[in-house]
Amino acid sequence: MFQSSSKKSEIKPGQQRQIIVLLFPFLLVLLSLKIHGQKINSNEGLSTFKTDSIIKHIKVLASDEFEGRKPFTKSETKTINYLRDQFKRLGLEPGNGSSYFQDVPMVNIATKASPEMQVSSSNSNFTLKGFVDYVIWTDKADPKISLENSELVFAGYGVVAPEYNWNDYAGLDVKNKVVLVLVNDPAFNSGDTTLFKGKTMTYYGRWTYKFEEAARQGAKGCLIVHNTAGASYPFSVVQNNWNTTRLHLDNRGKNEKNCDMIGWVSADAAKKLLAASGNDSTLFAKADIAGFKPVSLNVKISASLEVKANYNQSHNVIAKITGTKRPNEYIIYSAHWDHLGIGKPDEKGDSIYNGAHDNASATAGLLELARVFKRLTTKPERTIVFLSVTAEEQGLWGSAYYAQNPVYPTAKTVANINMDGLNAFEKTKDIIVVGAGQSELEDYLKDAAEKAGRYISFEARPEAGSYFRSDHFNFAKVGVPALYTSAGIDVEGKGPLYGKQRQDEYILQHYHRPSDQYDPKTWTLAGGLEDLKLLFQVGKRLSMESTMPQWKQGSEFKAIREKYIKGT
Ligand SMILES: [Zn+2]
């Protein structure tokens with residue numbers, strides 16, 4: 001600074017005019033660059049994307065040496081150190097103060113349920129059989145949990161949804177009671193398309209919501225009545241949770257509300273409970289109609305759980321590029337780094353669950369996005385955060401921890417763009433939006449896709465609630481607009497039938513199996529690269545804007561966003 005000002009003082013008044021005349025052509029060029037700036041910038045960075053660098057990272061992360069990237073093991077240390085080193089090498093700043101890591105304290109809860117549940121009412125006494133009739137567990141770490149003659153109340157769908165003017169708990173005091181609720185949301189069984197979002201499952205339909213709401217209401221327990229269509233999977237999937245261990249965030253001292261006991265009952269067991277109360281399935285049908293009031297079943301149940309809790313710590317990896325103009329506004333890209341580790345061998349004797357597609361691919365994609373953003377000439381005006389979260393496979397815990405303990409203020413977090421599995425194969429014309437109609441981010445993606453000569457399509461089975469099954473969902477839950485896409489199926493030159501078959505085959509043969517491995521013969525990453533470019537375009541555009549993208553009307557997350565924004 002000192003040098004330039006002294007140089008300036010050496011220029012005499014007569015020379016100034018000469019300098020301006022000499023510089024005039026350059027000024028014109030600069031001006032025209034600025035006018036055309038928008039056009040130039042809108043494509044900037046796209047040619048920087050390379051499949052080579054993505055494949056390089058996948059090879060490392062999905063190698064046998066990385067042992068399937070299971071949290072709490074030495075392969076976690078290897079994985080998170082690799083990610084830290086790569087972010088450093090790319091010139092990114094640490095994302096959590098001076099650290100690239102965020103500690104995620106968790107507890108592993110192993111439950112042993114009583115093999116029987118006693119049921120008593122004025123007209124009968126009987127027992128239900130564990131595993132066959134019910135599957136119960138707890139999110140609490142207390143060593144012994146018991147329900148003794150707890151009153152059972154039918155609370156419809158267990159939903160409190162002000163935006164749909166719906167409250168299944170209206171006028172009900174559930175303290176010390178167990179609520180029995182139906183899976184999915186009211187529109188699903190009634191077929192009434194004017195209720196909620198019709199066939200599309202809202203978050204109110206998810207089993208996790210049912211347990212959360214019951215806990216907020218102060219219920220002692222919550223049992224969901226299973227039906228295959230409503231849950232989108234058979235009771236056998238529920239039975240896989242019989243006496244297993246579950247990860248949970250270590251919320252000691254945080255005053256978190258949990259029911260003592262949560263779980264499912266089979267459709268047959270629910271019939272028996274209804275009969276004991278002198279009711280039949282017409283009672284369930286009443287819950288489909290607005291204005292339904294909860295009903296005490298005059299049935300008492302007893303059951304217990306033994307709990308073993310093990311505390312441990314895993315880590316999210318976090319890096320950033322500070323924005324030039326609005327550094328205190330954040331766009332967060334995320335992808336989970338964890339997979340299943342070493343487990344049951346497959347028919348070939350391979351016991352390493354490499355997780356190449358799930359999710360070494362998108363973790364590599366996250367690093368590629370970081371590389372391209374960092375090399376931009378037109379620097380992002382908002383801060384871009386790259387968040388690689390842990391323990392997705394066991395319950396989306398790394399992202400849940402981040403959302404509950406955000407490094408950057410939630411109200412100032414503009415958007416989350418999440419990736420789980422990149423398309424390893426051919427280019428597709430479409431890209432699939434999971435959670436259609438949720439937020440304006442969908443429109444951003446649509447624009448980017450159309451500019452690239454592509455189009456957006458939507459998930460085939462919105463009633464399955466896929467929007468609630470990956471890490472972006474934890475951002476949605478605290479009101480941050482969140483975009484989640486999956487690979488398209490309309491393969492260039494081959495069409496959607498071929499693409500769908502290819503995708504289904506991969507899921508059937510390799511999903512959560514040791515054979516989810518990098519294959520140099522077939523993995524071109526051509527499709528994944530194009531999808532990554534679209535997500536890059538969305539984030540880049542957001543980074544240059546000063547407005548905040550919104551949830552759309554009817555989204556169950558719109559009110560939560562408004563609450564957070566007002567709170568600051
Ligand atoms: Zn995944």
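These legends accompany a set of views of a predicted model, moving from the whole chain to one asparagine.

**View 1. The protein chain as a whole.** Let's start with the overall fold, which holds 18 helices and 21 strands. The radius of gyration is 27 Å, close to the 24 Å that the globule rule gives for 568 residues, so the protein chain is as compact as a globular protein of that length. Along the principal axes, the C-alpha atoms fill a box of roughly 110 × 55 × 50 Å.

**View 2. Inside and surface of the protein chain.** Of the 568 residues, 53% count as buried. Take contacts between residues at least 6 apart in sequence: 83% of them join residues at least 24 apart. On the outside, the protein chain exposes about 25800 Å², with carbon and sulfur atoms supplying 54% of that area. The chain carries 70 positive and 62 negative charges, and the mean positions of the two sets are 6 Å apart.

**View 3. Asparagine 359 in its helix.** Now we zoom in on helix α12, residues 356-374, where asparagine 359 lies. This asparagine counts as buried because its relative accessibility is 0%, and the cut-off for buried is under 20%.

**View 4. The surroundings of asparagine 359.** Two backbone atoms are reached by the side chain here: the oxygen of histidine 336 at 3.1 Å and the nitrogen of glycine 421 at 2.8 Å. Leaving aside residues up to four places away in sequence, asparagine 359 touches Arg69, Ala335, His336, Met419, Asp420 and Gly421. Both backbone partners, histidine 336 and glycine 421, thus appear in the view together with these neighbours.

Note on methods: Residues numbered from 1 in each chain as written. Predicted model: local features only at pLDDT ≥ 70, side-chain atom pairs only at ≥ 80, totals over all residues. Heavy atoms only, no water. Helix = DSSP H or I, 4+ residues; strand = E, 2+ residues; numbered from the N terminus. Rg over C-alpha atoms; globule rule 2.2 N^0.38 Å. Buried < 20%, exposed > 50% of the residue type's maximum accessible area, 1.4 Å probe, protein only. Contact = heavy atoms within 4.5 Å. Areas by Shrake-Rupley, 256 points an atom, 1.4 Å probe, with all protein chains shown as cover. Lys, Arg positive; Asp, Glu negative; His and termini not counted. Charge placed at Lys NZ, Arg CZ, Asp CG, Glu CD. Polar contact = N/O pair within 3.5 Å; in protein donor to acceptor, adjacent residues only side chain to side chain.
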